[in-house]
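Here is a short briefing on one protein chain. Look over the sequence and the 3D view before reading on.

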Amino acid sequence: MSGVKRKRSILNVKQELEIRQKLDNGESASTDTEDVLNEGNTISLSAALQSVETLLDYMGQGRFDYGDITAVRKICVDIRQGMNKQQKHQKNA
């Protein structure tokens, strides 16, 4: 485990204060914390699509179950639909 480096997500002071205030008020801050920590970990839909298509190509070379391949194809379709919605929203904005 000595060769493994882990990426640490650290809250800035403002983010930490906001979350602590919510906790002090009896509110749940778990989703807020997850949102803050995941802000920098998002990828574009096109990058996601490229990754899933690469996975699909890999699956086509091996011994994968038809159902698994179909599920990955469905993910590709879902990502493309998301991209189309984004493009329509940008055109209408």
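The points below cover the nonpolar core, the salt bridges and an aromatic pair.

This is a predicted model. Its largest nonpolar core has 9 residues. The structure also holds 2 salt bridges and 1 aromatic pair.

**The nonpolar core**

- The largest nonpolar core is made up of A48, L49, V52, L56, M59, I69, V72, C76 and I79.
- Two elements give two or more residues to this core: α3, which covers 45-61, and α4, which covers 66-92.
- Helix α3 provides the largest share of the core, with 5 residues.
- As a general background point, nonpolar side chains in soluble globular proteins tend to be buried together.
- I69 is one of the core residues. Leaving aside residues up to four places away in sequence, I69 touches L56, M59 and F64.
- Two of those partners, L56 and M59, are also listed in the core.

**A salt bridge between two helices**

- R80 and E53 form a salt bridge through their side chains, with 2.5 Å from N to O.
- This pair links distant parts of the chain. R80 sits in helix α4, E53 sits in helix α3, and the two are 27 residues apart.
- R80 is partly exposed, at 37% relative accessibility.
- E53 is partly exposed too, with a relative accessible area of 29%.
- Neither residue counts as buried, because buried means under 20% relative accessible area.

**A salt bridge within one helix**

- K74 and D78 form a salt bridge, and their closest N and O atoms are 2.6 Å apart.
- Both residues lie in helix α4. They are 4 residues apart, so about one helical turn separates them.
- K74 has a relative accessible area of 48%, which makes this residue partly exposed.
- D78 is partly exposed as well, at 35% relative accessibility.

**The aromatic pair**

- The count of aromatic pairs comes to 1. The partners are Y58 and F64, and their ring centres are 5.9 Å apart.
- The two ring planes meet at 65 degrees, so the pair is edge-to-face. The reasoning rests on a cut-off: planes over 60 degrees apart count as edge-to-face.
- Y58 is exposed, at 53% relative accessibility. The cut-off for exposed is over 50%.
- F64 is partly exposed, at 36% relative accessibility.
- F64 also appears among the residues that I69 touches. That gives F64 a contact with a member of the largest nonpolar core.

Conventions:
Residues are numbered from 1 along each chain as its sequence is written. This is a predicted model: local features need pLDDT of at least 70, side-chain atom pairs count only at pLDDT 80 or more; totals for chains, interfaces and linings use all residues. Side-chain values use heavy atoms; hydrogens and water are left out. A nonpolar core is a set of buried Ala, Val, Leu, Ile, Met, Phe, Trp, Tyr and Cys residues joined through side-chain atoms within 4.5 Å. Buried means under 20% relative accessible area, exposed over 50%, partly exposed in between (1.4 Å probe, protein chains only). Contact means heavy atoms within 4.5 Å. A salt bridge is a side-chain nitrogen of Lys or Arg within 4 Å of a carboxyl oxygen of Asp or Glu. Rings of Phe, Tyr and Trp (its six-membered ring) pair if their centres lie within 6.5 Å; planes under 30 degrees apart count as stacked, over 60 as edge-to-face and the rest as tilted.
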